[in-house]
Amino acid sequence: MKIIDNIKELKEEINKLKGSIGLVPTMGALHDGHLSLIKKSVMQNENTIVSIFVNPIQFGVNEDLDKYPRQLKQDASLCEKEGVNIIFAPKVSEMYSCEKNNLTLICPPYEVVDKLCGKSRPGHFDGVCSVVAKLFNLTKATRAYFGQKDAQQLFIVKKMVKDLNFDIEIVPCPIVREEDNLALSSRNQYLTENDRKLALNISKALFNIKKLFKEGISDIKVLIDASLKIMDGLDVEYIEFVDKNTFDFQTKVDRNTLVLIAARVPESKTRLIDNIDIWE
Ligand code: AMP
């Protein structure tokens, strides 16, 4: 496995590869969620590239860019075990030669970013799409692997690929959870013991919605009220019901419903997101 930090060497190595290339874009601090994407890529492709880059242009000014966990050595040994061919871990200056306001960016339309995570994180998805597009170009990947955990991101990346005719297949991967159903996230490292206990109520609320729906309750207000009770003590940013194919808000639950939650825990103020497909 090669660990590459510059574009010149990346291009040289990519030109030597034979067969399909799977790309797994990450910000590092790898956990079993990331590893599920990597395993899938290794299974489906002759070559797998994992990018590890804490992308500054997708962070807002008051967000956790500086404290985001960076643990390349540990990440590299996990990737090596999975059979990854290349880790691409560039410095910020290698990816961006100027400030965000001077860069050519890919900006998804207002309609898809002015809701859910995009609403509280203005510019976030411009940063995501721009870095993902650069990684697609640099790696010449055949397939790229994204987690359903970041459902709005997955939806927006798929739309970008379609709208801009990128010649790449986007492979969605299911959410990996701890035994108690907490969705794995690099940001879980920030959680205090008490935060972690409270954070569990996010997945509890989601699984409860699914259970209630199966019992015949499809009134969104009833489902939201039940969820907010479960999430008492959390600062809930949103709980929304969308059609998973369009990301349009719904007024009634049906088999296409995806329920999404973003909430902050009280002590570390960590912002967590999770979602559930009501029908799966
Ligand atoms: P990140 O490093 O947080 O930017 O995540 C990199 C990729 O891993 C994204 O496509 C995420 O959706 C995916 N991912 C993160 N956590 C999970 C999880 N618990 N289950 C599945 N995929 C995940």
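Ala, Val, Leu, Ile, Met, Phe, Trp, Tyr, Cys and Pro count here as nonpolar, Asp, Glu, Lys and Arg as charged, and the others, Gly among them, as polar. The views below show a predicted model.

**View 1. The shell around the ligand holds 17 residues.** The closest are H34, G147, D150, V176 and L184. By class, the shell splits into 9 nonpolar, 6 polar and 2 charged residues.

**View 2. Polar contacts reach the ligand from H34, G147 and V176.** H34 uses its side chain: one of its N or O atoms sits 2.9 Å from a ligand oxygen. G147 uses its backbone, with an N or O atom 2.9 Å from an oxygen atom of the ligand. V176 also offers a backbone N or O atom, here 2.9 Å from a ligand nitrogen. The ligand taken alone exposes 490 Å², and the protein buries 92% of that area.

**View 3. Strand 2 (21-26), helix 2 (32-44) and strand 5 (143-147) each give two or more residues to the ligand shell.** Helix 2 supplies the largest share, 3 residues.

**View 4. Helix 2 crosses helix 3 (residues 72-82) at roughly 35°.** Two packed helices are described by the angle between their axes and the distance between the axes. In this pair, the axes come within 10 Å. The crossing is right-handed.

**View 5. Residues of helix 2 and helix 3 meet in the contact.** Helix 2 brings L35, I38, K39 and V42. Helix 3 brings L78, C79 and E82. The contact divides into 5 nonpolar and 2 charged residues, with no polar ones.

Definitions and conventions
Residues numbered from 1 in each chain as written. Predicted model: local features only at pLDDT ≥ 70, side-chain atom pairs only at ≥ 80, totals over all residues. Heavy atoms only, no water. Near = heavy atom within 4 Å. Polar contact = N/O pair within 3.5 Å; in protein donor to acceptor, adjacent residues only side chain to side chain. Areas by Shrake-Rupley, 256 points an atom, 1.4 Å probe, with all protein chains shown as cover. Helix = DSSP H or I, 4+ residues; strand = E, 2+ residues; numbered from the N terminus. Axes fitted to C-alpha atoms, helices over the stretch in contact; angles between N-to-C directions. Left-handed = near helix turned anticlockwise from the far one by under 90°. Contact = heavy atoms within 4.5 Å.
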